[in-house]
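Please find below a short note, set out in numbered points, for a reader who is new to protein structures. The sequence and the model are shown first.

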Amino acid sequence: MGMEMVLAFLNADLRNVGPTKQTLNIICCSGIKDSVVVFTLFDEPEKTLLPEYLVRNIKVVCLYLNRKTFFLKGSRILKEALQKHHVTHLHSFGVKPDILAHSV
């Protein structure tokens, strides 16, 4: 028996911009919704697509980092979250998500 693939998308947040919309479209249109978790690093801004993700039953987990925790503990916090959710593949969007993704 093989291990089920769990794909994680790592974003700074789910602000209403193109890459966040594309991530939502990829998840919804590809049929992988049940094996996906979306991680965000920071609190959501005022204009967020979070409700669009949640209404589609897409699992979203915020790591609630700030500037200090990003640099001091971000890598460890992300690694623990990936393990907790049994993530096998990780895709990041943006400079800060890319930095943490590279460190785990």
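**Notes on the model**

1. Ile99 is a residue of helix α4, which covers residues 95-103. The structure is a predicted model. With a relative accessible area of 46%, Ile99 is partly exposed, because that class lies between the limits of under 20% for buried and over 50% for exposed. Ile99 and Leu65 are separated by 34 residues in sequence, and their C-alpha atoms are 14 Å apart in space.

2. The sheet should be considered next. It is an open sheet of 4 strands with parallel pairing, and the order of the strands is β3-β2-β1-β4. The edge positions belong to β3 and β4 (89-92); each has a single partner strand, so one side of each is left without a neighbour in the sheet. On average, neighbouring strands of this sheet are turned by 25 degrees against each other, direction ignored.

3. Helix α4, already named in connection with Ile99, packs on this sheet and touches β1 (7-11) and β4. The direction of α4 makes about 150 degrees with that of β4.

4. One pairing within the sheet may be examined in detail. Strand β2, residues 36-40, pairs with β3 in the parallel sense over 4 bridges. Val38 has Val60, in β3, as its bridge partner.

5. Is Thr23 buried or exposed? Thr23 belongs to helix α1, residues 18-30, and its relative accessibility is 0%, so Thr23 counts as buried. A polar atom of the Thr23 side chain lies 2.9 Å from the backbone oxygen of Pro19. When residues up to four places away in sequence are not counted, Thr23 touches Phe9, Asn11, Tyr53 and Phe93.

6. Two residues deserve attention for their backbone angles. Most residues other than glycine have a negative phi. Asn57, however, is not a glycine and has a positive phi, near 60 degrees. Asn57 is placed in the loop between α2 (50-55) and β3 (59-62), and its relative accessible area of 63% makes Asn57 exposed.

7. Tyr64 is likewise a residue other than glycine with a positive phi, of about 50 degrees. The location of Tyr64 is the loop between β3 and α3 (67-84). Tyr64 has a relative accessible area of 59% and is therefore exposed.

Terms used:
Residues are numbered from 1 along each chain as its sequence is written. This is a predicted model: local features need pLDDT of at least 70, side-chain atom pairs count only at pLDDT 80 or more; totals for chains, interfaces and linings use all residues. Side-chain values use heavy atoms; hydrogens and water are left out. Helices (H or I, at least four residues) and strands (E, at least two) are DSSP runs, numbered from the N terminus. Buried means under 20% relative accessible area, exposed over 50%, partly exposed in between (1.4 Å probe, protein chains only). A polar contact is a pair of N or O atoms within 3.5 Å; within protein, one must be able to donate a hydrogen and the other to accept it, and residues adjacent in sequence count only if both atoms are side-chain atoms. Contact means heavy atoms within 4.5 Å. Two strands pair if DSSP finds at least two bridges between them. Axes are lines fitted to C-alpha atoms, for helices over the stretch in contact, and angles run from 0 to 180 degrees between N-to-C directions.
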